Amino acid sequence: MRKFSFVIGSILALAAPASAQRAKSFSDPVKAFVVADQPLILVSHARLWDGTGAPATDGVDMLVRDGRIVAIGRGLAAPDGVKIIDASGRTLMPGLVMMHEHLYRKSPSDRPAYYSDPYIPQIMLAYGTTTARTAGGFDMAGDLRSKAKTAAGKLAGPDLDISIYVDGPKPVLNMLPAIANAADARREVDYWHERGATSVKLWFDTTPEIARAATEEGHRLGMSVAAHVCATFAATAAEAGIDTLEHSLLAAYDIVPGAAEGSCPAIERQTAMIQRMASLDPAGPEVGKMLALLLKHGVAIDPTLAARDEHLCAPEETPPARELALLAKFDPGTGAFCFQGLTNDLDLKSAAFQAATAVRYHRMGGMLVMGTDQGVVPGAMGPRELELMVAAGLSPGDALIAATRNGAIKLGRGKDIGTLEVGKRADFLLVDGKPDNTISDIRRLTHVARDGVVYDPGKLYDDAKGKLH
Ligand SMILES: [Zn+2]
């Protein structure tokens, strides 16, 4: 028996993943962004904020071997051949795990461009996102190709977790397939899972029957399930077992007086419903009842506050110039959604409602995750999302935990990513500042590592400048 276990042990050791990325197989443009990819990397003298909830500690070293963290401590010995990154005066923290991203940009002019853009993953990495769940795409082949290319180092970007949209019998947008019933929903989930999708996004017209079937099938296949529902009530989706509710309670029509489950109202009536919802008291009993139900079912809320910028018809607050410079073209004063009857007034009011209900959920003990839902510059809004959540009342540390550890947990990958601990993947950031004290310091990134390959965020940014359409 001893011999047998020894053999098994050896096989496991041999099979232990050499999965870490190595830049020598990367494309030349991606190689140009890499500052370190040695099999052994020692990050030395860092101020470590590990994402576990422990306070930051000074003077810590972290040793990475083949893309995995193998030791964390003070005064670690530097093995032969190690690449040392001196992190004195900087904070070492986990890479961001963003949960509601898209690989397309909605163009504010003429027809929306929904194709998967190759610069968005690169911008995500430049802004510190090392894992991104998309929350649906219209160019699934493009999204899946971007996932494969970033995994192979042919495109710079985070680890992409690609979601499919599951809508209903009458999809809100023409590009989506009609899903008539539970059997259709299962087939759709199976089809895209086989092709590499790893998450499901329940959308507006998903009926309760479809929501239950798609959630069950997704979970059977190990996929995470996000919901921005309308024809299905949030309570029904929570009971069906969804992992995250998107846009805070803006996806909970249940709380709107007079709402009926079964079909999603036309866009004008939705605007009217948002109006009624945003008039509810975030501290009131309707909201409290819904949050308690979500808490009971272990649903995480993804507030997506940065999305507000893109909805504004006449942006009073536009993103900083550094982000706008990434765009090939920007038409100020033309919000993508103005045609739907939204107004700045209503949109700011509903964004405040989203923020306040999310903070209330956090205070009740509910889990928050973070996603940007694109904003005006997809991929670049992670820091802004964090700043908006802190402005809404979350502490910088809690906002960062939502954007790292909690996202990993909700992707079912909490053992692999989300915190900096021995055995986990070397997805980390070096920050010239203390983002756990001052959230906007997250903008001062000096290094971004995915899978033990360390990139220069400035180079990633410079190369993408002016190229996002
Ligand atoms: Zn979205």
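In this predicted model, helices α13 (residues 382-391) and α14 (residues 396-410) approach each other until their axes come within 9 Å, crossing at roughly 135°. An angle over 145 degrees would count as roughly antiparallel and one of 65 to 115 as roughly perpendicular; α13 and α14 are therefore oblique to each other. The crossing in which α13 passes α14 is right-handed. On the α13 side, the contact is made by Leu386, Met389 and Val390, and on the α14 side by Pro396, Ala399, Leu400 and Ala403.

Ahead of this helix pair, the loop between α12 (344-363) and α13 holds Asp373. Although Asp373 is not a glycine, its phi is positive, at about 50°. Asp373 has 25 other C-beta atoms within 10 Å, and since 20 or more is the cut-off for burial, the residue counts as buried. A positive phi also turns up at another aspartate, Asp66, where the value is near 50°. Asp66 belongs to the loop between β3 (57-65) and β4 (68-73). Is Asp66 buried or exposed? With 18 other C-beta atoms within 10 Å, Asp66 is partly exposed, the cut-offs being 20 or more for buried and 12 or fewer for exposed.

Turning to the sheets, five strands build an open, parallel sheet in the order β10-β11-β12-β13-β14. Its edges are formed by β10 (163-166) and β14 (300-302); each has a single partner strand, so one side of each lacks a neighbour in the sheet. From one strand to the next, the twist averages 25°. Within this sheet, β11 (residues 199-202) and β12 (residues 224-227) are paired in the parallel sense through four bridges, and Val200 has Val225 of β12 as its bridge partner. Helix α6 (residues 208-220) lies across β10, β11 and β12. Relative to β11, α6 runs at about 170°; because angles over 145 degrees count as roughly antiparallel, α6 and β11 are roughly antiparallel.

A three-strand sheet, likewise open and parallel, follows the order β7-β8-β9. Here the edge positions go to β7 (96-101) and β9 (159-161), each with a single partner strand, so that one side of each has no neighbour in the sheet. Neighbouring strands are turned against each other by 20° on average, direction ignored. Four bridges join β7 to β8 (residues 129-134) in the parallel sense. Among the paired residues, Val97 is matched with Thr131 of β8.

Finally, helix α15 (residues 457-464) has buried residues at Pro457, Leu460, Tyr461 and Ala464. Why do they fall on the same side of α15? The reason is that they cover an arc of only 95° around the axis. The face of α15 turned away from this buried side carries Gly458 and Asp462, both exposed. Cover for the buried residues of α15 comes from elements including α3 (119-126), β16 (445-450) and β17 (453-455). Just after the helix, Gly466 adopts a positive phi of about 75°.

Key: Residues numbered from 1 in each chain as written. Predicted model: local features only at pLDDT ≥ 70, side-chain atom pairs only at ≥ 80, totals over all residues. Pairing = 2+ DSSP bridges. Helix = DSSP H or I, 4+ residues; strand = E, 2+ residues; numbered from the N terminus. Axes fitted to C-alpha atoms, helices over the stretch in contact; angles between N-to-C directions. Arc of directions from axis to C-beta. Contact = placed C-beta atoms within 7 Å. Parallel < 35°, antiparallel > 145°, perpendicular 65-115°, else oblique. Left-handed = near helix turned anticlockwise from the far one by under 90°.
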